[in-house]
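Here is a quick tour of one protein chain, from its overall build down to a few odd spots in the backbone. Have the model open as you read.

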Amino acid sequence: MTSASTPSAASASAAHALPVVLAGARGHGRWHLANIRRLAQEGLVRLAGVCELTPLDENELDGLGAPEQSADFAALLESTGARIAVVCTPIHTHTDLALAAAERGVHLLLEKPPAPSYAEFERMVRGVRAAGVACQIGFQSLGSHAVTAVRDLIADGAIGTVRGIGAAGAWSRDLAYWERAPWAGRRRLEGRDVVDGVLTNPLAHAVATALRIDGGDRAEDVAGIELELYRANAIESDDTSCVRLRTAHGDGTTGEITAAVTLCAERPGEPYVVVHGTGGRITFWYKQDRLLLERDGHAPETTEHARTDLLRNLVAHLAGGEELLVPPERTGAFMRLVEAVRTAPEPRPLPGSAWRTEPGAGAGGSARRIVTGIDDLVAAGARELALYSELSDGSGPRAPWAVPAAEPGRKPERKGAVA
């Protein structure tokens, strides 16, 4: 009997490992590179190719062998015999690269946002379906088992009737972040939509996670969107924004999600989603897979949950039919938001009195812009299910720079707190 540690067993494991091509291996792509390395050590995948303008060096490929490297994605898929392509490239390239893979029968893990417009999203979905390949969208938070735990708590009536879902994200990005690539912070580039704003890219998980918990994550579930887009940085896109989405479920119930986010935080912290009920609330720190259940008549309960990696889930889907966690249709509602941001008026520049510049820390550190008081405004938006323009301290608006969201048929009003 052959031991699992013998060369023959290792060879058999390697033979069954699915060949993967990674498009975009630097920046956030480094996370995918490390993840492929972990799964390769388990014999699930092997890195067959890397598509980058500048080839990776030996240090970057440590533990991954010597995969073929090329800047020609389509040719690389064909020459390597790839079964899976992981696409982590600029937003405006997603659809074309996804279709290039689909046309060659290669399954996909496609980074979020899946496309820069709803039309491009539909074009991608049609092509993937026609080719019969599997496609997973890279909202990693939706692999958290805490999402199911939250939905189960809601279904069991743990916090009474849901009054709404808030999402909050207070992150910080320095000036170098916006200079890292030609498409960074752009709404469009060379005539193509990009839509690289805080809601659609860095803190997209906040909205996508709230939509999944709400159960209104398909395109047809969206009943209304109100947006407030602002920017403190000298960019095209928004870096400080809020949105309210109203959803309509198939069972006749409705939902409301309000997300407040920024990349100009005073004290950056962990983003979270909070479900408000008539008898309590559930807070989910989605990057940490941690839940806090607070309900009337009970002590607070904190639980931590496991997470299923999305590439692992895609491999299991191909090997044994396991259900995909984030197929494109389960991101349709999020893409409605992307389209709303894309077609909205240009983000409003915040007045100079609303923000300040803080020098970078350490040698070579890049400065960053901070919106005064934004951390509290983000938290209040999620707590009160209110847009920035609706927040008031009783004597006046808490964000005097905020302008009410425009939506036909609805008169903006300032809202009271949700318990």
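What follows covers the fold as a whole, then its pockets and cavity, then some single residues.

## The chain as a whole

First things first: this is a predicted model. The chain carries eleven helices and 19 strands. Its radius of gyration is 22 Å, close to the 22 Å that the globule rule gives for 419 residues, so the chain is as compact as a globular protein of that length. If you lay the C-alpha trace along its principal axes, the spans come out at about 75 × 50 × 45 Å.

Of the 419 residues, 54% count as buried. Take the contacts between residues at least 6 apart in sequence, and 68% of them join residues at least 24 apart. As for the outside, the accessible surface adds up to about 17700 Å², with 50% of that belonging to carbon and sulfur atoms.

## The largest pocket

The largest pocket holds about 1200 Å³ of space. Its lining takes in 38 residues, and the ones nearest the centre are R26, G27, H28, G29 and C88. Two helices, α2 (29-41) and α4 (94-103), each supply at least two residues of that lining. Sorted by class, the lining has 17 nonpolar, 13 polar and eight charged residues.

## The second largest pocket

Next comes a pocket with a volume of about 430 Å³. Here 17 residues form the lining, with V162, D214, H249, T253 and T254 nearest the centre. Two or more lining residues come from each of α6 (145-155), β7 (162-170), α8 (204-214), β11 (240-248) and β12 (254-262).

Which element gives the largest share of this lining? That would be β7, with four residues. The class split is five nonpolar, six polar and six charged.

## A closed space inside

Rolling a probe the size of a water molecule over the atoms shows where empty space is left. In this model, one cavity of 30 Å³ or more turns up, and about 40 Å³ of space lies in it.

The residues around the cavity are F139, L142, A208, L211, D217, R330, T331 and F334. By class, that makes five nonpolar, one polar and two charged.

## L324 and its surroundings

L324 sits in the loop between α9 (310-320) and α10 (332-343). Is this loop residue buried or exposed? L324 has a relative accessible area of 13%, so it counts as buried, the cut-off being under 20%.

Setting aside neighbours within four places in sequence, L324 touches A134, C135, Q136, N313, L314 and H317. For a sense of distance, the C-alpha atoms of L324 and A146 are separated by 17 Å, and the two residues are 178 apart along the chain.

## Backbone oddities

Three backbone spots deserve a look. The peptide bond joining K112 and P113 is cis, with omega about -15°. P113 belongs to the loop between β5 (107-110) and α5 (118-131).

The other two spots are residues with a positive phi that are not glycine: E190, at about 50°, and V195, at about 60°. E190 is in the loop between β8 (188-189) and β9 (192-193), while V195 is in the loop between β9 and α8. Their surroundings contrast: E190 is exposed, with a relative accessible area of 78%, whereas V195 is buried, at 3%.

Notes:
Residues are numbered from 1 along each chain as its sequence is written. This is a predicted model: local features need pLDDT of at least 70, side-chain atom pairs count only at pLDDT 80 or more; totals for chains, interfaces and linings use all residues. Side-chain values use heavy atoms; hydrogens and water are left out. On a 1 Å grid over the protein atoms alone, a cavity is a set of points where a 1.4 Å probe fits but cannot get out, and a pocket is an open set with protein on both sides within 12 Å along at least five of seven lines; lining residues have an atom within 4 Å of a point. Grid points are joined across faces, edges and corners, and a volume is the space filled by probe spheres set on the points. Ala, Val, Leu, Ile, Met, Phe, Trp, Tyr, Cys and Pro count as nonpolar, Asp, Glu, Lys and Arg as charged, and the others, Gly among them, as polar. The radius of gyration is taken over C-alpha atoms; the globule rule is 2.2 Å times the number of residues to the power 0.38. Buried means under 20% relative accessible area, exposed over 50%, partly exposed in between (1.4 Å probe, protein chains only). Contact means heavy atoms within 4.5 Å. Accessible areas come from the Shrake-Rupley method with a 1.4 Å probe; for residues, only the protein chains shown count as cover.
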